[in-house]
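Visitor: I'm new to this one, so could you take me on a close look at a single part of it? I'd like to hear about the largest pocket and what lines it.

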Amino acid sequence: MSATTAAVHDAACIFCKIIKGEIPSFKLIETAHSYSFLDIQPTAEGHVLVIPKYHGAKLHNIPDEYLADILPVTKKLVKLLDLDVDGDLPGYNVLQNNGKIAHQEVSHVHFHLIPKRDEKTGLIVGWPAQETDFEKTGKLHAKLLEKLNQE
C-alpha cells in the first residue's frame, strides 16, 4: 500500500491523536480522507477545522486525493452552518496557513471555516497590499511561466 493510499500519522501530533480518537473532539463530518470538528478556541460560533487524515506540516506535503476531499467537506459544513445564503450576510472565511511565520499553530495541515455573521465576530483581516508595479509583475509572470513549461 502506498503512502498516498494509507493514512500517515505522527504519534506526537494533536490532530493525529484527534483523528485516531485518542483525544476527544466535537466531530462533525468524517470521510475516508478528511475529519472535521468544532474549534475549541473559536474565532466565531461555528468555527470548524477540516483536516486531512494524512499527517503533513504544509499543504505541499499532502497527497492530492486528501486535498481533493477538503473543499467538498467544507462546502457541506457551509450548508450545515446555514452560511450558504446569497448576499453579504452571513459570510465566511476559509483559511489555511503554512509554517509558523505564516501563523500556523499546529504542524498538521488544517483549514479553518470561520463564520462571519456580523462585523464584530469572525476573522478580521488586514494585510499590507503593495503598490501596483506592472513591470515587476510581468517579469515574475514570465519567470513562473518558464518554470511551468519546464515541468
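Guide: The largest pocket holds about 480 Å³ of space. Keep in mind that we're looking at a predicted model. Altogether 25 residues line this pocket, and the ones closest to its centre are Phe-15, Asp-39, Ile-40, Gln-41 and Leu-49. So much for the middle; now for the elements around it. Helix H1 (14-19), strand E2 (34-38) and strand E5 (111-116) each give at least two residues to the lining. H1 has the largest share, with 3 residues. As for the chemistry of the lining, you'll find 14 nonpolar residues, 9 polar ones and 2 charged ones.

There's also a second largest pocket, with about 180 Å³ of space. Its lining is made up of Leu-95, Asn-97, Ala-102, His-103, Leu-123, Ile-124 and Val-125. Of these, 5 are nonpolar and 2 are polar, with no charged residue in the set.

Now step back to the protein around these pockets. Its secondary structure amounts to 3 helices and 5 strands, and starting at the N terminus the order is α-β-β-β-α-β-β-α. Measuring along the principal axes, the C-alpha atoms fill a box of roughly 50 × 45 × 30 Å. The protein has 151 residues, and 33% of them count as buried. On the outside, about 10,400 Å² is exposed, with carbon and sulfur atoms supplying 56% of that.

Notes:
Residues numbered from 1 in each chain as written. Predicted model: local features only at pLDDT ≥ 70, side-chain atom pairs only at ≥ 80, totals over all residues. Heavy atoms only, no water. 1 Å grid on protein atoms, 1.4 Å probe; cavity = no way out; pocket = protein on both sides within 12 Å on 5 of 7 lines; lining within 4 Å. Points joined across faces, edges and corners; volume = space filled by probe spheres on them. Helix = DSSP H or I, 4+ residues; strand = E, 2+ residues; numbered from the N terminus. Nonpolar A, V, L, I, M, F, W, Y, C, P; charged D, E, K, R; others polar. Buried < 20%, exposed > 50% of the residue type's maximum accessible area, 1.4 Å probe, protein only. Areas by Shrake-Rupley, 256 points an atom, 1.4 Å probe, with all protein chains shown as cover.
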